[in-house]
Amino acid sequence: MEVKILSANWHLPESWRLATYERQGGWRAFRQALQLEPAALIQLVKDSGLRGRGGAGFPTGLKWSFVPKESAQPKYLCVNADESEPGTFKDRYILERDPHMLLEGILITCWAVGIHHAYIYIRGEFGLPYFRLRDALAEAYAKGYFGKNIAGSGFDLEVTIHRGAGAYICGEETGLIESLEGKKGQPRIKPPFPAVVGVFGGPTVVNNVETVAALPWIVEHGAAEYRKLGTEKSPGTKLFSVSGHVARPGVYEIPLGLPCKELVHGLCGGIRGGRRQKANIPGGSSVPVLTGEEADRVNLDYE
């Protein structure tokens, strides 16, 4: 069973254009967000149960709440678009096919946390995703969605795209921060955590592309509607990159908690040639490899 929230616009002609996104109701959620106090917006995201889609699954609203409300240093958002995990290609689909959904999510995040400068750290090998994102950002600036006094709110926000240089370790949040600062991309010892001391010494939120892209739908439809999808501890939908010997490889958006068997043997059409599934890697390179029989017994959720 596919449920299209993040992928709702992917099939449309020129889905990456601002005009297409606006015709589908895009950039409406950020206006709703501006009507909320930042604390209320953070609480909405907490209530939705949205968890980080970069792999760790940490509650998004809780992560935001760790950032100090008042800070002598500027606060920053780093969007992790360094999709370097082997077999993972979900974020690049968002960047290629609906970059404005990500950009709207960035504005919502920054309004909630009081951030005035956001960075998108994008994988250096990405060609088309980078060009689509760059052009979408230019469109958004031209329409007044970024810059000074956005929509007459008095809120200012600048967004910078930073291309990486192909280091796998820069997908780790502190390695990304080090690289963004112009240093060798290697993880920092924690604590301090980025929410307190991050980019250029300022409090920093680091969120994955898919996490941020989910925010416009949550703001527009509410936490309760989002929680109707997925499981109690893993609400919402998730993009799954499926490759290997399946009949229909690709990116599938499904509610969390769906049996892996239903994804592989149902949506993906099973193993090519009617052969049996011998092994399944359900996450990145650090997860255990499951046998086909084990994979058919697990559900696709964080718990």
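**Note on the predicted model**

1. N149 lies in the loop between α7 (128-143) and β3 (158-163), in what is a predicted model. Phi of N149 is near 50 degrees, a positive value in a residue that is not glycine, and with a relative accessibility of 42% the residue counts as partly exposed. A151 is found in the loop between α7 and β3 as well, and A151 too is a residue other than glycine with a positive phi, in its case near 55 degrees. The relative accessibility of A151 is 48%, and because exposed is reserved for values over 50%, A151 also counts as partly exposed.

2. On the overall build, the protein holds 13 helices and ten strands. Its radius of gyration is 19 Å, close to the 19 Å that the globule rule gives for 303 residues, and the protein is therefore as compact as a globular protein of that length. Taken along the principal axes, the box filled by the C-alpha atoms is roughly 60 × 45 × 35 Å. Of the 303 residues, 51% count as buried.

3. Two cis peptide bonds deserve a look in the loop between α8 (173-180) and β4 (204-208), where P191 lies. The bond that joins K190 and P191 is cis, with omega at about 0 degrees. The peptide bond that leads from P191 to P192 is likewise cis, and its omega is near 5 degrees; P192 has its place in the loop between α8 and β4. A reader checking the backbone here would thus find a cis bond before P191 and another before P192.

4. The strand that comes after this loop, β4, has five of its five residues buried, so β4 is largely enclosed by the rest of the structure. T204, V206 and N208 point one way from the strand, while V205 and N207 point the other way, and all of these are buried. What is the sense of the pairing between strand β1 (residues 76-81) and β4, parallel or antiparallel? The two strands run parallel and are joined by five bridges, and within this pairing Y76 stands opposite T204 of β4.

5. Strand β6 (residues 250-255) is mostly covered, with six of its six residues buried. Its pairing with strand β5 (residues 237-242) is antiparallel and extends over six bridges. For a reader who wishes to trace the register, the bridge partner of K238 is I254, in β6.

6. How many disulfides does the structure hold? The number is zero, and C110 accordingly is in no disulfide, the nearest cysteine sulfur being that of C78, 10 Å away. C110 has a relative accessibility of 0% and counts as buried. For C260, the closest cysteine sulfur belongs to C268 and is 8.9 Å away, which is too far for a bond because a disulfide needs the two sulfur atoms within 2.5 Å. C260 is buried as well, its relative accessible area being 5%.

7. The second largest pocket has a volume of about 290 Å³. It is lined by 14 residues, and those that lie nearest its centre are P38, A39, I42, K69 and A112. Helices α3 (38-48), α4 (60-65) and α6 (99-113) each supply at least two residues of this lining, and the largest share, five residues, comes from α3. By chemical class, the lining of the second largest pocket divides into eight nonpolar, three polar and three charged residues.

8. Towards the end of the chain, L300 is found in strand β10 (residues 299-300). With a relative accessibility of 9%, L300 falls under the 20% limit and therefore counts as buried. L300 and G284 are 16 residues apart in sequence, and their C-alpha atoms are 14 Å apart in space.

How values were computed:
Residues numbered from 1 in each chain as written. Predicted model: local features only at pLDDT ≥ 70, side-chain atom pairs only at ≥ 80, totals over all residues. Heavy atoms only, no water. Helix = DSSP H or I, 4+ residues; strand = E, 2+ residues; numbered from the N terminus. Buried < 20%, exposed > 50% of the residue type's maximum accessible area, 1.4 Å probe, protein only. Pairing = 2+ DSSP bridges. 1 Å grid on protein atoms, 1.4 Å probe; cavity = no way out; pocket = protein on both sides within 12 Å on 5 of 7 lines; lining within 4 Å. Points joined across faces, edges and corners; volume = space filled by probe spheres on them. Nonpolar A, V, L, I, M, F, W, Y, C, P; charged D, E, K, R; others polar. Rg over C-alpha atoms; globule rule 2.2 N^0.38 Å.
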